[in-house]
Amino acid sequence: MSLDNERPESLLGLIAGLEGVADGYTIIHGPTGCKYYPSSVSESCYRTRKGGTVSRNLFEMGSRYFFSQPRVPCTYLDMGKFVTGGKDRLEDLYAKVEKMGPSVIGIVNSPGASLIGEDIGSVGRGIPTVCIDHADYSGTCSDGFQDAVLALVDRIRPERKTPRKGTVNLVGISILHLNWNDTVEDLRNLLALCGIEINCVIGAGWTAEDIRRSAEAEANILVYPEYGDRVADFYEREYGIQTVRPREGAPIGFDALEDWVISLCQIMKRDPTAALEEIKVCRRRAAGCIRTMESCHLLPKGRTFSLYCDGSTAYAVSRFLYRYLGMIPVAVTCPNGERWKDETFSFFGSKGIPLSDDALHTETDVIIAGGAICSSAISKGTALGHVDIEGPGDKTVNVRAEPAIGLGGTMRLLDGVLNTIADRQRFR
């Protein structure tokens, strides 16, 4: 059985890239089947255009095009419209969205609309409009996301200005990433200890004004490389903004975080001492918890884990759990990020640890993946416990911040892994 269809693909990544503009609006020119999931995902990321969370009114957007979902309306192409075309509906929907006053409007042709050659480029006049006629539908989610971000910055060109010293853009975070807003705040707090301010988050939660001033940053720093490498190259080429590229994968795990902070501070000539001290505080706290577990003979060392996630995340997490807890990886599946997947297999191969590339069907103590993959592994009996590390995650109410990476994400990962091991009922 394959679960490839349960992972996001390029069309969803494309829509997420456009929906990442908080004061923008995205239209799908296609049938309703192409809108329901993207609309739900976008709504769950930020309920209102002005920020904050409100109780959902199912009747507020009950008209056609929206179908009770406030984000990502569609033209509901059906039957004869796939023969005669649906430009009339698109123009009508565009006029409705235009009256809502968004700063930018994105229009995406669904695969069916692309197939019949619908021309969406003639729609839109007053508001900056990004029209994507033919997406790379067979590509990865990160491909689609970066295509959307590059289309946005091509339409709303960042303004060339003197860089603001001590500022960075976070690159490679999408609204599809698990608890992305918590991750941003976690990284913001860590960078603030170094005297570094986040200028904007390219692709997630930014506004049209953020796009225009995104070239003011002194540097760009990659968070998830698969979701930002081409975007970072664009800013480097067009605006001369240097890029901090992670050497240890995504910034999760104490060593990877320290390397991430030091690399950035060296380029920006900042003092990393306060941030490194904060990481050490968390190291000591984690060490105390592990000592308590060991006194009860609940040893993480030697326990097995598998990973089903993007390559840069898999690389960082696998090395962290191996080096810090002495756990043994048994399987790593990376549908995205071939370079990091190869480096992961190479690293553990040099240690004499063979890895399966089928994390879903390999028996393990803990699987670390997205919620759907984790649930499937638990139901199959191939994993005894799980930790969500990428979206979509489990549908839980998180009152406290739950970053997926960063310093808080590292402690969250340890919480999940160690509590799974401590649950002796599962290991009888």
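Let's start with one pairing: Ser 306 has Ile 367, in strand E10, as its bridge partner. This is a predicted model, where local features need pLDDT of at least 70, side-chain atom pairs count only at pLDDT 80 or more, and totals for chains, interfaces and linings use all residues. Residues are numbered from 1 along each chain as its sequence is written, and side-chain values use heavy atoms, with hydrogens and water left out.

Ser 306 lies in strand E8 (residues 304–308), which runs parallel to E10 and is joined to E10 by four bridges. Strands here are DSSP runs of E with at least two residues, helices are runs of H or I with at least four, and both are numbered from the N terminus. Two strands count as paired if DSSP finds at least two bridges between them.

Now follow Ile 367 to another strand: the bridge partner of Ile 367 in E11 is His 386. Six bridges link E10 with E11 (residues 383–390), again in the parallel sense. Helix H14 (residues 371–380) joins E10 and E11 in a right-handed β-α-β unit; with the strands pointing away from you, the path from the first strand over the helix to the second runs clockwise.

How covered is strand E10? Seven of the seven residues in E10 (364–370) are buried, meaning under 20% relative accessible area with a 1.4 Å probe, counting protein chains only.

Stepping back, the chain has 15 helices and 11 strands. Of its 428 residues, 57% are buried. Among contacts (heavy atoms within 4.5 Å) with a separation of 6 or more, 74% are between residues 24 or more positions apart.

Definitions and conventions:
Buried < 20%, exposed > 50% of the residue type's maximum accessible area, 1.4 Å probe, protein only.
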